[in-house]
Each structure stands twice: as structure tokens, then as C-alpha cells.
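Please open the model in your viewer and keep the sequence panel visible beside it. The tour below proceeds by selection, one stop at a time.

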Amino acid sequence: MTRGRKAELRPIDGGLASVPRAPSWLSKEAAQEWGRIMPGLIERRVLTDADMGTVEQFCVASGLVKRSQAIISAEGDMVDGRRHPAFQTLFQALTE
């Protein structure tokens, strides 16, 4: 099996040139993820307005993962002899 090189990201015609403000409805954790990923994506000019919904949903899912993991870490894996309910949110966010 021959392994090729990973395709290079190339700027998209009409790619966003500046980092849009994070939507106000994002959770704190999701907004932090927005701030982490957007500068690099904008620098490479690989996003258009049409991509913003996908970026928003990625940030929401990432925020849910971080928040769920923090809750589980603080409260423990088990509640009343059962797996902590935050695991359900964690798993859903990871699959989305």
C-alpha cells in the first residue's frame, strides 16, 4: 500500500479574511474553542460564510465535551451506583 501526502489546504476564493465574532449564544467553553480555532482557519482562508454553521456546531460539541468532562471529574464517574448522567451528554457531543 502506497501512502500519499496529505493534500495541502489552499485558500478558497471568497474565504473569510477576518475572524468573525463568536455568536453570543455560545457557552463559555464553546466560545473558547471558537477563539482557539478561528485565527488559524482565517489565516489559511479556508472558510466561507457557508461554513459558519458547521464551525458553530463544532464549537458547541467541543464545549459540551469540555463541560461534561469537567462535571464528571468534579462529581465522580458514578452517582447513586450508576454511571454519571453527564456521560450521556459527553457521548452525544463526541459523536456529533
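A residue is called buried when its relative accessible area is under 20%, exposed when that value is over 50%, and partly exposed in between. Please also keep in mind that this is a predicted model.

**Stop 1: the whole chain**

Begin with the entire protein selected. It contains three helices and two strands, and from the N terminus these elements follow the order α-α-β-β-α. Along the principal axes, the C-alpha atoms fill a box of roughly 55 × 45 × 20 Å. The radius of gyration is 17 Å, whereas a compact globule of 96 residues would have one near 12 Å. Of the 96 residues, 29% are buried. If a surface is displayed, its accessible area comes to about 7,300 Å², and carbon and sulfur atoms account for 51% of that area. Among contacts between residues at least 6 apart in sequence, 57% join residues at least 24 apart.

**Stop 2: helix H1, residues 28-43**

Select Glu29, which is placed in helix H1. Is Glu29 buried or exposed? Its relative accessible area is 15%, so Glu29 counts as buried under the 20% limit. Leaving aside neighbours within four places in sequence, Glu29 is in contact with Gly63, Lys66 and Arg67.

Now move to Arg36, also in helix H1. Arg36 has a relative accessibility of 58% and therefore counts as exposed, the limit being 50%. Measure the distance in the viewer from its C-alpha atom to that of Cys59: the two atoms are 9.9 Å apart in space, while the residues are 23 apart in sequence.

**Stop 3: Cys59 in helix H2**

Select Cys59 itself, which is found in helix H2. Cys59 is buried, with a relative accessible area of 0%. Which residues does Cys59 contact, once its neighbours within four places in sequence are left aside? They are Ala30, Glu33, Trp34 and Ile37. A further distance to display is the one between the C-alpha atoms of Cys59 and Gly35: these residues are 24 apart along the chain, and the atoms are separated by 9.6 Å.

**Stop 4: the loop between H1 and H2**

Next, select the loop between helix H1 (28-43) and helix H2 (52-75), where Arg45 is placed. Arg45 has a positive phi of about 55 degrees although it is not a glycine. With a relative accessible area of 37%, Arg45 is partly exposed.

Thr48 lies in the loop between H1 and H2 as well. Its relative accessibility is 18%, so Thr48 counts as buried. To see what surrounds it, add Ile12, Asp13, Gly14, Gly15 and Leu16 to the selection; Thr48 touches these residues, not counting those up to four places away in sequence.

**Stop 5: Ile71 in helix H2**

Return to helix H2 and select Ile71. Ile71 is partly exposed, with a relative accessible area of 31%. Apart from neighbours within four places in sequence, Ile71 is in contact with Gly76, His84 and Ala86. The C-alpha atoms of Ile71 and Pro85 are separated by 9.8 Å, and the two residues are 14 apart along the chain.

**Stop 6: the loop between the strands**

Select Asp80, in the loop between strand S1 (78-79) and strand S2 (82-83). What is the sign of phi at Asp80? The angle is positive, about 50 degrees, although Asp80 is not a glycine. Asp80 is exposed, with a relative accessible area of 77%.

**Stop 7: helix H3, residues 86-95**

Finally, select helix H3 and colour its buried residues, which are Ala86, Phe87, Leu90 and Ala93. Turn the view to look down the axis of H3: the buried residues fall within an arc of 130 degrees, so they line one face of the helix. Display H2 and S2 as well, since the buried residues of H3 pack against H2 and S2.

One last detail concerns Phe87. Show the side chains of Arg83 and Phe87: the charged end of Arg83 sits over the ring of Phe87, 4.8 Å from its centre.

Terms used:
Residues numbered from 1 in each chain as written. Predicted model: local features only at pLDDT ≥ 70, side-chain atom pairs only at ≥ 80, totals over all residues. Heavy atoms only, no water. Helix = DSSP H or I, 4+ residues; strand = E, 2+ residues; numbered from the N terminus. Buried < 20%, exposed > 50% of the residue type's maximum accessible area, 1.4 Å probe, protein only. Arc of directions from axis to C-beta. Contact = heavy atoms within 4.5 Å. Lys NZ or Arg CZ within 6 Å of the ring centre and 35° of its normal. Rg over C-alpha atoms; globule rule 2.2 N^0.38 Å. Areas by Shrake-Rupley, 256 points an atom, 1.4 Å probe, with all protein chains shown as cover.
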